[in-house]
Amino acid sequence: MTRAVLRYMRWTSEPDREPDAAPLTHRMRCDLCGARSDRTVVFGEAQDWQLAHAARNPDHLTYTETLTRPWRAWMNGAA
């Protein structure tokens, strides 16, 4: 009979800044109508979409930014 002993392991996580990590991206969504910008790595492009949408729809005043940021996790002592 084989027995395994498992101990409590601590994990750590942080944003993935490795050269091959996926990029952080931005997207804007109009809270009134749900229209969305394209996902982009350049915040200004998402903001340009927001301002153009507001100019076309003057009563659309509130927006939500969605960030997508890659993260990595590892057991302490294993990184």
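Let's start with the aromatic rings: in this predicted model, the count comes to one aromatic pair. The partners are tryptophan 49 and tyrosine 63, and they meet edge-to-face, with 6.3 Å from centre to centre and 85° between the planes. Those two values are the ones to look for, since a pair of aromatic rings is described by the distance of the centres and the angle of the planes. The angle of 85° makes this pair edge-to-face because anything over 60 degrees counts as such.

Where do tryptophan 49 and tyrosine 63 sit in the chain? Tryptophan 49 belongs to helix 1, while tyrosine 63 is in strand 3 (residues 63-68), so the pair links distant parts of the chain, 14 residues apart. Both rings' residues are tucked away. Tryptophan 49 has a relative accessible area of 19%, so it falls under the 20% limit and counts as buried. Tyrosine 63 is buried too, with a relative accessible area of 15%.

Now widen the view a little. Tryptophan 49 and tyrosine 63 are also members of the largest nonpolar core, a set of five residues completed by Met28, Cys30 and Ala46. Strand 2 (25-30) and helix 1 each supply at least two residues of this core. If you centre your viewer on tryptophan 49 and skip its neighbours within four places in sequence, you'll find contacts with Met28, Cys30 and Tyr63, and also with Ala35, Arg36 and Ser37.

From there, hop along to alanine 54, another residue of helix 1, which spans residues 43-56. Is alanine 54 buried or partly exposed? With a relative accessible area of 24%, alanine 54 is partly exposed. Leaving out residues up to four places away in sequence, alanine 54 touches His60 and Tyr63, so that last contact leads back to the tyrosine of the aromatic pair. Cysteine 30, one of the core residues, is 24 residues from alanine 54 in sequence, yet their C-alpha atoms are 8.8 Å apart in space.

The other partner of alanine 54, histidine 60, is worth a stop of its own. Histidine 60 lies in the loop between helix 1 and strand 3. Despite that loop position, histidine 60 is buried, at a relative accessible area of 10%. Which side chain does histidine 60 join through a polar contact? The partner is histidine 53, at 3.2 Å. Beyond neighbours within four places in sequence, histidine 60 is in contact with Cys30, Leu32, Cys33, His53 and Ala54.

Finally, on to the charged side chains. How many salt bridges does a search of the whole structure find? There are two. One brings together the side chains of arginine 72 and glutamate 14, at 3.7 Å from N to O. Arginine 72 is in strand 4 (residues 71-75) and glutamate 14 is in strand 1 (residues 11-15), so this pair ties together parts that are 58 residues apart in sequence. Arginine 72 is partly exposed, with a relative accessible area of 29%, and glutamate 14 is also partly exposed, at 30%.

The other salt bridge joins aspartate 31 and arginine 29, whose closest N and O atoms are 3.4 Å apart. Here again neither end is buried: aspartate 31 is partly exposed at 34% relative accessible area, and arginine 29 is partly exposed at 33%.

Terms used. Residues numbered from 1 in each chain as written. Predicted model: local features only at pLDDT ≥ 70, side-chain atom pairs only at ≥ 80, totals over all residues. Heavy atoms only, no water. Salt bridge = Lys/Arg side-chain N within 4 Å of Asp/Glu carboxyl O. Helix = DSSP H or I, 4+ residues; strand = E, 2+ residues; numbered from the N terminus. Buried < 20%, exposed > 50% of the residue type's maximum accessible area, 1.4 Å probe, protein only. Contact = heavy atoms within 4.5 Å. Core = buried A, V, L, I, M, F, W, Y, C linked by side-chain atoms within 4.5 Å. Phe/Tyr/Trp six-rings, centres within 6.5 Å; stacked < 30°, edge-to-face > 60°. Polar contact = N/O pair within 3.5 Å; in protein donor to acceptor, adjacent residues only side chain to side chain.
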